[in-house]
Each structure stands twice: as C-alpha cells, then as structure tokens.
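Subject: The structure to look at together

Hello,

Here is the structure I promised to hand over to you. Please open it next to this email and follow along as you read.

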Amino acid sequence: MTAKWKLVHVRNRLGDLLNREGGISREEAVTRAEAMVEDIRESSECELRNQIAGLEALLPRTTANVTEDLMAEVLRQADCILTLSGTFGFAALDIVTKSLCDLVEGMLRQGIFAADPIRVHLRAMRLFAPGAPSLSSEEAESVTSELGRILTHLGCRPAQPAEPGKAAAC
Amino acid sequence: MASDRMNFAGVNCLIVDNDTFAVRLLAQILRGFGLNTQSVAETGEEAKSLLERGSFDLIICEALLPDMSAAELLRWIRKHSNSTVKFAPVIVLTGYTQTSKVTSIRDAGAHNVVKKPVAPVVLLDHIGWAARTPRPFVETANYAGPDRRFKYAGPPDGIGRRDTDLPPEVGQATEPNMSQDEIDALLKPNKVTVL
C-alpha cells in the first residue's frame, strides 16, 4: 500500500543564515529593537489620534444604523489602533478598543446594526487617546465598566474560553 | 550547537501587510535585530508577484490582507513548484485571535502565529524557533506545511516503521518560552491528519 503523504526533510536556510559567525545576542537584539520602536513613538501617537478620527468619520452624527460593510471597516481600523495602543502602552485605550471589537463582532453575530453603541465606544476612545487629559483610575474604571454594561445589554460579551486563560477575543 | 547569537545580516525578509504603521513598526523591530533587507507587499497578489521574482528567507504576513487571507496566501506558497518559496518560513501576525482564525492559519501551513501588538522579544523568539527547530515538511491531500508533531512517540508497539516515518530526533525540538499561550496552544503537539 502506498502512503498518501510525503515527508520532506528541508534544509533550513534561515537557520543556516542566523547561525553564521557574528550577529548579536538575544538581549542585544531585543534592546535594540525596543529602542528602534521608541524612535517612532511620537509619530505613532499622532497616527493613533488620526486613526480614532478616521473611525469617528465613518459614523456621522446623524447615522442611526450601520451596515455590515461599515462594521467590517470599523474592525479593520480598530485592528490598526490595537497595534499601536498595545505597542506604546496605552492600556486604557487598548481595553476600550478591544471592547469595541467585541461589540462589533457581537453585533454582527446577532444582526444588530445600531450606530449608538459604536459611537459611545468611539467617545471613550477619545478620552483615552494620546494627549487627552488623563483620567483618574476610578474614572477610567467607571468608563470601561459602563462599556461592559453595553456589551452585556446587547449580548455581545465574547464567548468564554473552553479552558481558563486559553482564549483572547481581540 | 547553535549559540545564543543570531546573525540577521543578509537575511531577506518579505513583509506582507497593508497597514503602513504596522509595517513601519515591524520594520523598526527587524532593523533592531540587524535585519535590514526588507521588501514590503501590501496585498496577497503583490506578495505572490514578489515571491515569483525574488528569494526570501523569511515571510512575515498579516492575517487579513485586502484581497485575501493569510491562509489563502499560505496555501499558494505551500503548493508552489519552487522549493525556496514552498518551504519558506512564514510567521503570521494577527490582531483578532479567534480560535477559528488561528486554526485556519495553522492548517494552511504557517510556522508560527504571533498575536499583535508584536513585542520584539516574542517576534525574535518565534523567528528563532522557526529557524532553529528542525521540522520536516509534511505533504498530504489536505495539508502542506511544517510538521506539527513535536513529540514523536514512535510507531505503535515499536513495529511497522517505514522509511518515511519521522526520525526519533524530531522529538528533541524544544519550544521557546512564549508569552502567547492561547495561540501557541493551537500549534503545540497535534497529529497531522493522514489520509
């Protein structure tokens, strides 16, 4: 009987290259990379504000309902914000943006197309954007817990992972 | 025995992502590692075109591209006739880590899935893992990509061994101490379905 599968032992070119003489240690590489990321902090913070403005522009004040395409676009742009907020340590903005992702995913799942819950999240993102006046931890906690109530009300809480600590929503 | 040092000079990397700032961030991290030869493709089609023309030692790809998913691009890569393209290490970056998404990327033949935002230490460990862990490629009717079986227990009852069976040393591979458990749990020991 012929095996319907093939096992190929591949020469690992990347491994060969990385193992050459010279190079840098793991610690050096990480330290240098972190410094390189810090170099673009200022422009990234500016970009974060632009990204939030871009999201706001997607939902004009008069819009009561959103389309599926628009929600997909919100998710796409929120993903860009998460990259920057997570990288540059804007923890509260990160939490609110993840909440927005959970909300939109949940709304899409349930066929809810209301603009207001999204709009409320965008306002909260503005509160935590770089350069915004800083809120106390109690105020920040109050904002995020209110957003949590919206998610609960709309049934948009992400599904609980099968095993504790084994899933991430956004 | 590989040392702790890594020499990224001359490593040719293809970044596939249409988010300008994410690309900028990633490029900065890679430059910090000493990897200066970077090409960028904004779409899956552009990536295919670059892969047809060039030779890349490492591909880092965003999960959601404007014209296709990373899984679709991966399936194209793993079926390519040119072995340099076909066996290239591919690391997929994803912001929205639903299990189904991560699973589909894994099943399309990715070496690693890294959750965004990408921390330099996590990316470095995953590149190191892709480069230094000996993993043969498996080709079946429904999967082509790096072998996902890290723990080789040998043939049942120690008999029936064929030439094509995994050598015992495949089981020696060690994983780095990664911080994204929820994703890596999906890439840990898993039997490849063999038809």
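Let me begin with a question: in which sense do strand β6 of chain B and β7(B) pair, and over how many bridges? The pairing is antiparallel, with 3 bridges, and β6(B) covers residues 137-139. One of the residues to find here is B:Glu139, whose bridge partner in β7(B) is B:Ala144. Please keep in mind that this is a predicted model.

**A sheet built from two chains**

Now look at what lies on the other side of β6(B). Strand β1(A) is joined to β6(B) by 3 bridges, and these two strands run antiparallel. You can find B:Glu139 again here, as the bridge partner of A:Lys6. Put together, this gives an open sheet of 3 strands in the order β1(A)-β6(B)-β7(B), with antiparallel pairing. Which strands sit at the edges of the sheet? They are β1 of chain A (6-8) and β7 of chain B (144-146), each of which pairs on one side only. On average, neighbouring strands in this sheet are turned by 20° against each other, if direction is ignored.

**Where the chains touch**

The contact between the chains involves 50 residues of chain B and 46 residues of chain A. On the side of chain B that touches chain A, the elements giving two or more residues are α1 (20-33), α6 (120-132), β6 and α7 (181-187) of chain B. Which element gives the largest share of that side? It is α1(B), with 9 residues. If you sort the residues on this side of chain B by character, you get 28 nonpolar, 10 polar and 12 charged.

**Chain A**

Chain A has 7 helices and 1 strand. Starting from the N terminus, its elements follow the order β-α-α-α-α-α-α-α, so to speak a walk you can trace on your screen. Its radius of gyration is 21 Å, whereas a compact globule of 170 residues would have one near 15 Å. The C-alpha trace of chain A spans about 60 × 55 × 30 Å along its principal axes. Of its 170 residues, 31% count as buried. Take the contacts in chain A between residues at least 6 apart in sequence: 72% of them join residues at least 24 apart.

**Chain B**

Chain B has 7 helices and 7 strands. Along the sequence they follow the pattern β-α-β-α-β-α-α-β-α-β-α-β-β-α. Buried residues account for 44% of the 195 residues in this chain. Among the contacts in chain B with a separation of 6 or more, 64% are between residues 24 or more positions apart.

**One residue to try yourself**

Finally, please find B:Ser3, in the segment before β1 (12-16) of chain B. Is B:Ser3 buried or exposed? It counts as exposed because it has 11 C-beta neighbours inside 10 Å, and the cut-off for exposed is 12 or fewer. You could also locate B:Arg106, which is 103 residues away from B:Ser3 in sequence. From C-alpha to C-alpha, B:Ser3 and B:Arg106 are 28 Å apart in space.

Enjoy exploring, and write back with any questions.

Best wishes

Technical notes
Residues numbered from 1 in each chain as written. Chains lettered and ligands numbered in written order. Predicted model: local features only at pLDDT ≥ 70, side-chain atom pairs only at ≥ 80, totals over all residues. Pairing = 2+ DSSP bridges. Helix = DSSP H or I, 4+ residues; strand = E, 2+ residues; numbered from the N terminus. Axes fitted to C-alpha atoms, helices over the stretch in contact; angles between N-to-C directions. Buried ≥ 20, exposed ≤ 12 C-beta atoms within 10 Å, placed from the backbone. Contact = placed C-beta atoms within 7 Å. Rg over C-alpha atoms; globule rule 2.2 N^0.38 Å. Nonpolar A, V, L, I, M, F, W, Y, C, P; charged D, E, K, R; others polar.
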